[in-house]
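Here is an informal walk through one model, from the overall build of a chain down to a few annotated residues. Have the coordinates open as you read.

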Amino acid sequence: MTAVAEAPAKVGEVPSFEVTLKVLRYLPDESGSPTVAHWDEFRVQAHGTDRVLDALHQVKWQQDGSLTFRRSCAHGVCGSDAMRINGRNRLACKTLLKDLDISKPITVEPIKGLPVIKDLVVDMEPFFASYREIMPFLITTGNEPTKERLQSATQRERFDDTTKCILCAACTSSCPVFWTDGQYFGPAAIVNAHRFIFDSRDEGGAQRLEILNDKEGVWRCRTTFNCTEACPRGIEVTKAIQEVKRAMITRAF
Amino acid sequence: MQTHQYDVVIVGAGGAGMRAALESSTRVRTAVISKLYPTRSHTGAAQGGMCAALANVEEDNWEWHTFDTVKGGDYLVDQDAAEVMAKEAIDAVLDLEKMGLPFNRTPEGRIDQRRFGGHTRNHGEAAVRRSCYAADRTGHMILQTLYQQCVKNEVEFFNEFYVLDLLVDHDLAAGHVPDGEEVNVSGVVAYELATGEIHVFQAKSVVLATGGAGKIFKTTSNAHTLTGDGMALAYRRGIPLEDMEFFQFHPTGLAGLGILLSEAARGEGGILRNSEGERFMERYAPTIKDLAPRDIVARSMANEVREGRGAGPNKDYVLLDLTHLEPAHIDAKLPDITEFARTYLGIEPYTEPVPVYPTAHYAMGGIPTNIEGEVLRNSTDVIRGLYAAGEVACVSVHGSNRLGTNSLLDINVFGKRSGISAAQYASTASFVELPEDPAATVVAGLEEIRTRPDGERVADIRKALQETMDANAQVFRTRESLTAALDDVKALQKRFRAVSVQDKSRMFNTDLLEAVELGFLLDIAETVVVGALNRDESRGGHFREDFPDRDDANYMRHTMAYRRPLPAEGHRQWGTDQDGDHEGPFAHTTVFDGYQLVLGSKPVTMTRYQPMERKY
């Protein structure tokens, strides 16, 4: 049932190739004096199914243990390893090397707009602070039912897209408005507001819209679609932001 | 060094830790210490669902769920605990819905339910629809929902803090507890990743919720961060680990990668086929076929491959066939896992079967607790103020093989119970005095590794460990293979004592933390292998080719692994006193460098069900 490819490789052997990683390094000075970032290049041997994360691990485990990045699940669900790969925000564990142009060095940088702590690690606190501000939890009034609240499949579908968010910050840190204005809530916070505003069980929509009507709220969005392109979960982020804007005007949600 | 004081300290911010925090933080002053941002925890990778006998779509009841859990665990389940879990499952699901979890819905707007491996109607008659789910991202939704509630309740988190020591007033790994004295927890020592600073947390109650240890294996569905930290911390203090030889290999990992493809794929109608296109599970489990429990399916798959019916150029995997399902149905119910197949293997599941092979998935064993979440230091006595919940713990609701969805249930039911117990204890107890300079040993150990000029590489030792565990302690085991694994583990432990890291800095030193985690992995591997070597039978996830049958007469007991000092002159003999039963087949001691692993056993709690032959 399997066709054996005519290749110099042995049967079943995964083709391997060499790639160059060009990583933006930043080592903080422990005494607190300023240091500058610099580029380091590493050659690694990669295989057909390897991801950028595998290449980074190879560097860390075999060449330079001081290379620092976050990672956990390694298959795109925990949101730890958002980084800027060849100038685009992606998850390192979801970007296959073979899908990149390997004839040139692959550039890897920390995501933009958040303070860099070390190498590819940024301070996520400002990002989570914006998330917390939009009241990212179900708000209800009155007595709780004894069993579950009813919700039709259509009502559930209404906010399905924005429930997929893994808070990796790929969207927010791809947004030019966020780069220049760190006060802006950013796409991820708005996505999480959307998830509740359009949940038929939630009664906190008006409060959230009030928060997002702020001068640093949804109106700062310039609809550049960077966020939609960056989202590793395929969420239509810009569309969600537009829906929140529309809800603010029409008060229909 | 900084010192903090909290009534309750919870270690770990996955599902169990956050569920505990939601209970504890409303009652007493609570801190959650987590080595990751909470939303990075591996609960988020769980896919298929959470079972509860809601009977929303067909007849069901918690007693059937209890039975399935007991039988699924090959009768090594403590039946009182399984009954608690199955009963409280219903409220656990409803609690999550009320917190906002977006479950899939029935046409009537109620929580939808689907079939899952080993869950049956009326004691095995046919598969039952019991799993409550949100597409194939149920764990993601649970993790997000619990974190949302923690934000709402303003739970205090210490993110990216690594707990490196558990503080107790009697170190059981160092010597006997004087007769009549209790053992009390006093806190934990943690390391702040961002700064390298040490923090001592004094606490009246400590809840361990650090998750599993899948990284002892090479092929695993587990995150890089699942290194058995909590289990190893307890074990190093002489707290026993229970049933560590029982490790679950999930049947459907993406071949070669180990990435999990949910059992929901088979719950929704997916079929496993060998290279001949045969639906081979019909031969192994004629009644429920592809929905047999995971241990049976994983073994059947490995057997197909061994007998030459594997697919692919190397005949080393089998195929998960979804091609007969409607693409719209796949998109609605299994969107994430089909995307994994596309992203990582370039396979289109609408039209091509997906290569799969078993992947190390779940530790059934762990730190022994009772149904209130209290940690046991032998068969009966508890450590006062210490609790554990989730994969790190062994209640034991999973026995020798966990049923699919019962882990998401476990974290919710026993996370909640532990949080309540910990808070109640803390509201009456007083702080136990910390030892003098509580962080001294930990700091010395860390500094030794960090400053050692050169030596063994962490990655080399870890790779060797994972390779020997995959080769010798996986789906099929023998005395010979396990002996080889034990020799390897001992040799690697020796190499580990010369480990060195390249990153010598103090800030965000993940190189150093990987070394610490490797130390935990080596400890866990030792308990897995020794337990497996001693259990001369096959039961659930533990299959010994040299002893292929279950042996209730000798082994219908939980294994307990105790770290104890080497026998010294004038020392009382271990194994005759407070460390539980050491009779018969469990009278076994393994000497390691500087300590010994003393095995013991604990009786299985049986209430309703007598062991029967396990057929599906």
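What percentage of the 616 residues in chain B is buried? Buried residues make up 63% of them. Keep in mind throughout that this is a predicted model.

**Chain B as a whole**

Chain B has 16 helices and 21 strands. Its C-alpha atoms fill a box of roughly 65 × 55 × 50 Å along the principal axes. For 616 residues, a compact globule would have a radius of gyration near 25 Å, and the 23 Å of chain B agrees with that. As for contacts in chain B with a separation of 6 or more, 77% of them are between residues 24 or more positions apart.

**An open sheet and the helix across it**

One piece to pick out in chain B is an open sheet of four strands, in the order S11-S14-S13-S12, with antiparallel pairing. The edges are strand S11 (247-254) and strand S12 (271-273) of chain B; each has a single partner strand, so one side of each is left without a neighbour in the sheet. From one strand to the next, the twist averages 45 degrees.

S11(B) meets S14(B) through six bridges in the antiparallel sense. If you want a register mark, take Leu254(B), whose bridge partner in S14(B) is Val356(B). Lying across S11, S12, strand S13 (318-321) and S14 of chain B is helix H8 (residues 294-306), which runs at about 60 degrees to S11(B).

**The annotated residues**

UniProt, in an unreviewed entry, places the feature "binding site" at His250(B), Ser262(B), His361(B) and Arg402(B). These positions span 153 residues in sequence, yet no two of their C-alpha atoms are more than 14.3 Å apart, so they gather at one spot. For "active site", again from an unreviewed entry, UniProt lists Arg294(B).

Where do three of these residues sit in the fold? His361(B) is in strand S14 (residues 354-363) of chain B. Arg294(B) belongs to helix H8 of chain B. Arg402(B) is in the loop between strand S18 (393-394) and helix H11 (406-428) of chain B.

Are they buried or exposed? The table gives the neighbour counts.

| Residue | Other C-beta atoms within 10 Å | Class |
|---|---|---|
| His361(B) | 27 C-beta atoms | buried |
| Arg402(B) | 30 C-beta atoms | buried |
| Arg294(B) | 25 C-beta atoms | buried |

The cut-off behind that class is 20 or more other C-beta atoms within 10 Å.

The contacts fill in the picture, leaving aside residues up to four places away in sequence. His361(B) touches Gly214(B), Ser221(B), Gln248(B), Phe249(B) and His250(B). Arg402(B) is in contact with Gln248(B), Tyr362(B), Met364(B) and Ser407(B). Arg294(B) touches Gly117(B), Gln248(B), His250(B), Pro251(B), Asn401(B) and Gly404(B). Gln248(B) turns up in the contacts of His361(B), of Arg402(B) and of Arg294(B). His250(B), itself one of the "binding site" positions in the UniProt record, touches both His361(B) and Arg294(B).

**A covered strand further along chain B**

How many of the eight residues in strand S19 (residues 557-564) of chain B are buried? Eight of eight are, so the strand is mostly covered. S19(B) has antiparallel pairings with two strands that can be traced here. Strand S10 (residues 241-242) of chain B joins S19(B) by two bridges, and Glu242(B) has Met560(B) as its bridge partner. With strand S21 (residues 595-603) of chain B, S19(B) pairs over eight bridges. There, Tyr562(B) is matched with Val598(B) in S21(B).

**Over to chain A: a two-sided helix**

Now look at helix H6 (residues 205-212) of chain A, where Arg208(A), Leu209(A) and Leu212(A) are buried. Why do they end up on the same side of H6(A)? Because they cover an arc of only 100 degrees around the axis. In an α-helix there are 3.6 residues a turn, so residues three or four places apart point the same way.

The face of H6(A) turned away from that buried side carries the exposed residues Ala206(A) and Glu210(A). The cover over the buried residues of H6(A) includes helix H5 (187-197) and helix H8 (237-250) of chain A.

Key
Residues numbered from 1 in each chain as written. Chains lettered and ligands numbered in written order. Predicted model: local features only at pLDDT ≥ 70, side-chain atom pairs only at ≥ 80, totals over all residues. Buried ≥ 20, exposed ≤ 12 C-beta atoms within 10 Å, placed from the backbone. Arc of directions from axis to C-beta. Contact = placed C-beta atoms within 7 Å. UniProt positions renumbered as here; feature names shortened; annotations may be inferred. Pairing = 2+ DSSP bridges. Axes fitted to C-alpha atoms, helices over the stretch in contact; angles between N-to-C directions. Rg over C-alpha atoms; globule rule 2.2 N^0.38 Å.
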